[in-house]
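Me: I have a structure open and would like to talk it through with you. Could we go over it piece by piece?

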Amino acid sequence: MTEAFPHPSELLPHAGRAVLIDEIVADSTDAIDVIARITATHPYYVHGRGVPSWVGIELMAQAIAAHAGLTGRRERRPPRMGMLLGTRRYAATAAWFAEGARLEIHAERAFGNEGGMAACDCRIRCGGETLAEATIIIAEMAPDAALSE
């Protein structure tokens, strides 16, 4: 039996067109697989080219955030606030994600603990071809942490 996942907009702190991933297809303790579709309505779409591949960093970060949201739901708590600190070795094989592409984004915790700094190994594939890879560094805040103004 296939698990039904909520729409990413229910899990991310983003709203509207800022939600760049379309669907969650698999989730486990330390990994998630999501789908992002490249269409002319994508907020970063450039006519005749598609979406710049540097947007892949945000796609990976949103996959990680969706995983945190699902983990929070399972534990009956809100997801922990997190920050994208950076990336190591973001490598893309092309400058653009083409219109019509169905991007498969995989993110898996490489090291770190919840509530602290962590790294996730991520990749973006389409049609069996790897289009981008990176290690995304994140900071997860403790549940009672507040952001100051």
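**Working through the model**

Me: Let's start with Ala118, buried or exposed?

Reply: Ala118 counts as buried, since its relative accessibility is 1%, and a value under 20% is what buried means here. Please keep in mind throughout that this is a predicted model.

Me: Where does Ala118 lie?

Reply: Ala118 belongs to strand 7, which covers residues 117-126. Its C-alpha atom is separated by 8.4 Å from that of Ile136, and the two residues are 18 apart along the chain.

Me: And what about Ile138, where is that found?

Reply: Ile138 is part of strand 8, residues 129-140, and it is buried, with a relative accessible area of 9%. Measuring from C-alpha to C-alpha in the model, Ile138 and Gly112 are 9.4 Å apart in space, with their positions 26 residues apart in sequence.

Me: Stepping back, how many helices and strands does the chain have?

Reply: There is one helix, together with eight strands, and reading along the sequence gives the pattern β-β-β-α-β-β-β-β-β. The chain has 149 residues, of which 38% count as buried.

Me: Changing topic, how many salt bridges are there?

Reply: The structure holds five salt bridges. Among them is the one between Glu23 and Arg37, whose closest N and O atoms are 2.8 Å apart. This pair links distant parts of the chain, with Glu23 in strand 1 (residues 23-27) and Arg37 in strand 2, 14 residues apart.

Me: How exposed are Glu23 and Arg37?

Reply: Glu23 is partly exposed, with a relative accessible area of 29%, and Arg37 also counts as partly exposed, at 35% relative accessibility.

Me: What does Asp27 pair with?

Reply: The side chain of Asp27 meets that of Arg74 in a salt bridge, at 2.6 Å from N to O. Asp27 lies in strand 1 whereas Arg74 lies in helix 1, so this salt bridge ties together parts that are 47 residues apart in sequence.

Me: And the two partners, buried or exposed?

Reply: Asp27 counts as buried, at 15% relative accessibility, while Arg74 counts as partly exposed, at 45%.

Me: Which residue does Arg77 meet in a salt bridge?

Reply: Arg77 meets Glu75, and the N to O distance between their side chains is 2.8 Å. Glu75 counts as partly exposed, with a relative accessibility of 45%.

Me: What is phi of Arg76?

Reply: Phi of Arg76 is near 55°, which is a positive value in a residue other than glycine. As background, most residues other than glycine have a negative phi. Arg76 is placed in the loop between helix 1 and strand 4, and it is exposed, with a relative accessible area of 78%.

Me: On to aromatics, how many aromatic pairs turn up?

Reply: A search of the whole structure finds one aromatic pair. It is formed by Tyr44 and Trp54 in an edge-to-face arrangement, with 5.7 Å from centre to centre and 75° between the planes. The partners come from distant parts of the chain, ten residues apart: Tyr44 is in the loop between strand 2 (31-37) and strand 3 (51-52), and Trp54 is in the loop between strand 3 and helix 1 (56-74).

Me: Why is Trp54 classed as exposed, and Tyr44 as partly exposed?

Reply: Trp54 is classed as exposed because its relative accessible area is 52%, and exposed means over 50%. Tyr44 has a relative accessible area of 39% and is therefore partly exposed.

Me: Last topic, the surface. Which residues make the nonpolar patch?

Reply: Met83, Leu85 and Met117 make a nonpolar surface patch of about 310 Å². Of these residues, Leu85 lies in strand 4, residues 82-92, and it counts as partly exposed at 47% relative accessibility.

Me: Which residues gather in the patch of negative charge?

Reply: Asp30, Glu108, Asp121 and Glu133 gather there, on the surface. Glu108 is found in strand 6, which runs over residues 102-112, and its relative accessibility of 37% places it among the partly exposed residues.

Conventions. Residues numbered from 1 in each chain as written. Predicted model: local features only at pLDDT ≥ 70, side-chain atom pairs only at ≥ 80, totals over all residues. Heavy atoms only, no water. Patch = residues over 30% accessible without salt bridge, like charges linked within 9 Å, V, L, I, M, F, W, Y side chains within 5 Å. Areas by Shrake-Rupley, 256 points an atom, 1.4 Å probe, with all protein chains shown as cover. Salt bridge = Lys/Arg side-chain N within 4 Å of Asp/Glu carboxyl O. Lys, Arg positive; Asp, Glu negative; His and termini not counted. Charge placed at Lys NZ, Arg CZ, Asp CG, Glu CD. Helix = DSSP H or I, 4+ residues; strand = E, 2+ residues; numbered from the N terminus. Buried < 20%, exposed > 50% of the residue type's maximum accessible area, 1.4 Å probe, protein only. Phe/Tyr/Trp six-rings, centres within 6.5 Å; stacked < 30°, edge-to-face > 60°.
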